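Work through the exercises below with the model open. Try each task before you read its solution.

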Amino acid sequence: MSVIDLESFTQEPFRQPGAIRHDWTREEIRALFALPFPDLMFHAQTIHRKNFDPLQVQISTLLSIKTGGCPEDCAYCPQSAVYDTDLKAGKLMDVEAVLEEARAAKAAGASRFCMGAAWRSPKDHDLDAVCAMVEGVKAMGLESCVTLGMLTPPQAGRLKDAGLDYYNHNLDTSPEYYGQIITTRTYADRLDTLDTVRDAGINVCCGGIVGMGEGLEDRVGMIQTLANLPSHPESVPINMLVQVEGTPLSGTTALDPLDFVRTIAVARIVMPESMVRLSAGREDMTDETQALCLLAGANSIFYGPKLLTTPNPAQDRDMRLLDRLGMSPMPL
Ligand code: SF4
C-alpha cells in the first residue's frame, strides 16, 4: 500500500519535510524520484501550498536580444555556430527595439522581462547597451532578467548597478553527463559564474534541461546540485529538450512526459521556496501534461510566441489553460 501522510516524510530519507536544506544526498533524491506518482504529487503539492498561492502562476517573457553565432557547442542549441541549423545569426538589437518588446510584454500581462544573448561572455562595450535595456525595463515597473553567458565580477557589478533583478545561467544537467553536452566550458565555469552573480547581489535563475538522452541518475544529480548550491536559485527553470534539426541531440528518444512531471515535483520538494519554472518544451506538451506540472509545483511559465529561437504555445492557449484550471497570473 502506498498511502502516505506527512508523518511518513519525517522519517529517513525524508528528513525535515519542507525545510530549506543544502545537504541533500543522492539517495534521498533518488528515493523521491522513486515514489509512487500519487505520493510524489501529494508531497510536492503539500510543500507548494505551504509556500505559495497554488492558484497563481508568475509570467515571464523572454526575448532573444542577440541571436545565433555563439562559439559554445551546447549540443541542444540551434544558436551554436558549430552546428548547421537554419537559424540566421543577428546583431545585438537596438535598445529602443528591445524596450518596445518589453512594453508589449507588460501589456500582455508579463511581470518579468528576460533578455537572452548568444555569447560565451559579454564584451564590455556590449554591456553598455544591455545595462541601458535593464534600466529601461526597470523604469516600466517590470522585473528584469538577462542571460549573457559567463560573467566577470566587474561585469556583474555593472549589471547590479543598472538594477538587474535576475541572472540566468543554467547547469543544464548532472556533473557526470555534462561532458556529453558541452565541451567548450566546464561545469566548474558554470558554478563560478553563479557565485559571481550571487556575490554581486543579483538573484539567480538556474535550472536545466531534461530529455537530452540522460539517465534517471543524471536527473537526480542535476536536482541534487541545484539544491545543494550555497543558496537555492530564486528561480529554477526546468526545460524539456526541444529537438532542432542540425543539432547533435536531434533524434534523441523523447522522455516520458511523466518523468518530466516527476522532475518538476522533486525540484519543488527540495527547493521549497524557489519559483519552479516550466520553460522550453511546452509547445509540444499537452495541456494535461502542463496541468500536471502546475500541480507538481511549477509556478512560473514563459509566455510569448517564441522562447529565444524555438516556438512557445500561443499566448491565448496559455491564458485559456490557466482559465480552465481556475488559475491566474501572479501580480507583480
Ligand atoms: S545555450 Fe547559450 S552558450 Fe550554449 S550554444 Fe546556445 S547560446 Fe551559446
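**Exercise 1.** The model is predicted. Find how many residues of strand 7 (residues 235-240) are buried, and sort them by the way they point.

*Solution.* Start with cover. In strand 7, 6 of its 6 residues are buried, counting as buried those under 20% relative accessible area. Next, sort by direction. Ser235, Pro237 and Asn239 point one way. Val236, Ile238 and Met240 point the other way. Such a pattern fits a general rule: in a regular strand, side chains alternate between the two faces of the sheet.

**Exercise 2.** Identify the strands that pair with strand 7, and trace the chain between them.

*Solution.* Take strand 6 (residues 208-210). It runs parallel to strand 7, and 3 bridges join the two. Val210 sits opposite Met240 of strand 7. From strand 6 the chain passes through helix 8 (residues 216-227) to reach strand 7, in a right-handed β-α-β crossover.

Now take strand 8 (residues 275-278). It is parallel to strand 7 too, with 4 bridges between them. Here Val236 has Val276 as its bridge partner. Strand 7, helix 9 (residues 257-270) and strand 8 form a β-α-β unit, which is right-handed.

**Exercise 3.** Describe the second largest cavity: its volume, its lining and the helices that supply the lining.

*Solution.* The whole structure has 3 cavities of 30 Å³ or more. The second largest holds about 50 Å³ of space. Its lining includes Val57, Leu278 and Arg282. By class, the lining has 6 nonpolar, 1 polar and 2 charged residues. Helix 10 (287-295) and helix 11 (315-324) each supply at least two of them. Helix 11 gives the largest share, 3 residues.

Terms used. Residues numbered from 1 in each chain as written. Predicted model: local features only at pLDDT ≥ 70, side-chain atom pairs only at ≥ 80, totals over all residues. Heavy atoms only, no water. 1 Å grid on protein atoms, 1.4 Å probe; cavity = no way out; pocket = protein on both sides within 12 Å on 5 of 7 lines; lining within 4 Å. Points joined across faces, edges and corners; volume = space filled by probe spheres on them. Nonpolar A, V, L, I, M, F, W, Y, C, P; charged D, E, K, R; others polar. Buried < 20%, exposed > 50% of the residue type's maximum accessible area, 1.4 Å probe, protein only. Pairing = 2+ DSSP bridges. Right-handed = clockwise from strand over helix to strand, strands pointing away.
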